[in-house]
Amino acid sequence: MVRLTDRITDRFSATAGGATAEGRSTGIWEKSSKFLYNYVNKGLQDAPQVTFLNYGYVPSEGQPIALEAHDEPNRVYIQLYHHVVSSVDLGGRDVVEVSSGRGGGARYITEYFKPKSMLGVDRCTFAVDFCTKQHARPGLRFMHGDAQALPLENDCCDALVNVEASHDYPQLERFFSEVRRVLRPGGHFMYTDFRKREHCAQWYDQIQQSGLEPVEQVDITTNVVKGLEYLTQQHVALVKQLSPFLLRPIFRQLAGVKGSYVHRSLESGKQKYIRYVLRKPA
C-alpha cells in the first residue's frame with residue numbers, strides 16, 4: 001500500500017508544468033488533476049475551519065510575525081504567505097491571487113497588507129462559493145477562472161500571487177504569459193512552488209523565457225519540511241475526520257504528513273521548494 005500511495009502522490013505532486021518526463025498526456029493529466037481538486041474541495045464543504053491548503057513554512061530565524069488571536073491556529077500556513085508577499089509593498093495596490101483555493105491567503109493579505117483591492121481566482125466553483133461566503137469583507141472578492149486563461153483585462157493589477165499551485169498547470173508557459181499580460185508595467189509576481197530536482201532546470205528556463213525580470217529567488221525547502229512536520233498531527237486528524245476510510249492513506253500522502261512521499265522527497269532533496277519574486281518590465 002505504501003508503494004502504491006507513493007506512486008499516486010508522485011503523479012499528483014511532482015509535475016513540471018505540462019506533459020512530464022513520463023510522457024503523460026496533458027489532456028488526461030488536466031482532467032484527473034481537476035477531478036481530484038474538485039473532490040477535495042467538495043469534501044471540505046462542511047469544514048469551514050480549513051481555509052488553507054499549503055504545506056506551511058517555519059522560519060529559520062527572526063521574530064515571529066504578529067497575528068491576531070483568531071489567526072494563530074493557521075500560523076504555519078500564514079507564514080508561507082507572509083514569506084512570499086512581504087518583500088513587496090501591497091498597500092493601496094490592486095492584487096490578484098491565482099489559484100486562491102480556500103481563500104485564507106487572500107483574506108490574510110487583505111487584512112494585514114491593506115491592498116486597495118484583492119481578487120482571488122480559482123478553477124473550482126466549490127472553492128469560489130465557499131470563499132465568497134466565508135471571507136466576505138470590503139475590498140475582497142473571488143471569481144471562477146483558469147490560471148492559463150485568466151478572465152481579466154490587460155494591465156489590471158499591480159501584483160499577482162501564486163502559492164503552491166503551478167505544478168498542477170498542464171501548460172505553465174501559458175500561465176506565465178497570462179501573468180505578464182494582466183500585470184501593470186513594473187508590477188510584481190510573487191510566486192512559490194515545488195518541483196522534482198531534475199525538473200528544476202526546465203522550470204527555471206520557463207521562468208527566464210516568461211519576459212518577467214527576476215528580483216528574488218530563494219530555496220525554502222528546509223522551511224517547508226519543518227512546516228510539514230509541525231502540521232503532521234493536525235493533518236492526520238483532518239484526514240481521519242473528513243475522508244472515507246479507504247482513501248485515507250492516499251490523502252495522508254497528499255497532505256504531506258511526516259514520512260509521506262512528499263515529506264521524504266523534500267527532506268532528501270529529491271524535490272525543491274523555491275520562492276520567486278519577478279517583475280514585469282516598466
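How do the axes of helix H6 and helix H7 cross, and within what distance do they come? Let's start there, and keep in mind that we are looking at a predicted model.

Helix H6 covers residues 172–182 and helix H7 covers residues 200–208; their axes come within 10 Å and cross at roughly 30 degrees. Angles under 35 degrees count as roughly parallel, and H6 and H7 are therefore roughly parallel to each other. The crossing of H6 past H7 is right-handed. If you want to find the meeting place on screen, look for Leu172, Glu173 and Phe176 on the H6 side, which meet Trp203, Gln206 and Ile207 on the H7 side.

Now let me step back to the whole protein. There are 10 helices and seven strands. Of the 282 residues, 54% are buried. And if you take the contacts with a separation of 6 or more, 74% of them are between residues 24 or more positions apart.

On to the inside. The largest nonpolar core has 40 residues, and those with the most contacts inside it are Val85, Leu90, Tyr108, Ile109, Val161, Met190 and Tyr273. Helix H3 gives the largest share of this core, seven residues. Apart from this core lies another one, of 27 residues, with Met143, Ala165, Tyr169 and Ile207 among them. You have met Ile207 already: this residue is on the H7 side of the meeting with H6.

Val161 is a nice one to click on. Beyond residues up to four places away in sequence, Val161 touches Tyr81, Val85, Val95, Val96, Glu97, Val98, Ile109 and Met190.

Next stop, Asn54. Which loop holds this residue? Asn54 is in the loop between helix H2 (26–43) and helix H3 (75–85). Its relative accessibility is 5%, so Asn54 counts as buried. What does the side chain of Asn54 reach? One partner is the backbone oxygen of Tyr77, at 3.5 Å. Another is the backbone nitrogen of Gly56, which lies 2.7 Å from a polar atom of the Asn54 side chain. Leaving out residues up to four places away in sequence, Asn54 touches Tyr77, Leu80, Tyr81, Val163 and Glu164.

That last contact takes us to Glu164, which is in the loop between strand E4 (157–163) and H6. Is Glu164 buried or exposed? With 12% relative accessibility, under the 20% cut-off, Glu164 counts as buried. The backbone deserves a look too. Most residues other than glycine have a negative phi. Glu164, though not a glycine, has a positive phi of about 50 degrees.

Ser99 is another example: this residue is not a glycine either, and its phi is positive, about 65 degrees. You will find Ser99 in the loop between strand E1 (94–98) and helix H4 (104–113). For a glycine with a positive phi, go to Gly269, just after H10, where phi is about 90 degrees. Helix H10 itself spans residues 261–268, and its buried residues are Tyr261, Val262, His263, Ser265 and Leu266.

Let's move to strand E2, residues 117–122, where Gly120 lies. Gly120 has 0% relative accessibility, so this glycine counts as buried. Which residues is Gly120 in contact with, beyond its neighbours within four places in sequence? They are Glu97, Ser100, Arg141, Phe142 and Met143. Phe142 is 22 residues from Gly120 in sequence, yet their C-alpha atoms are 4.5 Å apart.

A little further along is Arg123, in the loop between E2 and helix H5 (125–134). Arg123 has a relative accessible area of 22%, so this arginine is partly exposed. What does its side chain make a polar contact with? The partner is the side chain of Asp168, at 2.8 Å. Arg123 and Gly101 are 22 residues apart in sequence, with 8.6 Å from C-alpha to C-alpha.

Last one, and it brings us back to where we began. His199 is in the loop between strand E5 (183–196) and H7. At 7% relative accessibility, His199 counts as buried. Its C-alpha is separated by 8.9 Å from that of Gln271, which is 72 residues away along the chain.

That's my tour. Thanks for listening, everyone!

Technical notes:
Residues are numbered from 1 along each chain as its sequence is written. This is a predicted model: local features need pLDDT of at least 70, side-chain atom pairs count only at pLDDT 80 or more; totals for chains, interfaces and linings use all residues. Side-chain values use heavy atoms; hydrogens and water are left out. Helices (H or I, at least four residues) and strands (E, at least two) are DSSP runs, numbered from the N terminus. Buried means under 20% relative accessible area, exposed over 50%, partly exposed in between (1.4 Å probe, protein chains only). A polar contact is a pair of N or O atoms within 3.5 Å; within protein, one must be able to donate a hydrogen and the other to accept it, and residues adjacent in sequence count only if both atoms are side-chain atoms. Contact means heavy atoms within 4.5 Å. A nonpolar core is a set of buried Ala, Val, Leu, Ile, Met, Phe, Trp, Tyr and Cys residues joined through side-chain atoms within 4.5 Å. Axes are lines fitted to C-alpha atoms, for helices over the stretch in contact, and angles run from 0 to 180 degrees between N-to-C directions. Angles under 35 degrees count as roughly parallel, over 145 as roughly antiparallel, 65 to 115 as roughly perpendicular and the rest as oblique. A crossing is left-handed if the near helix is turned anticlockwise from the far one by less than a right angle, and right-handed if clockwise.
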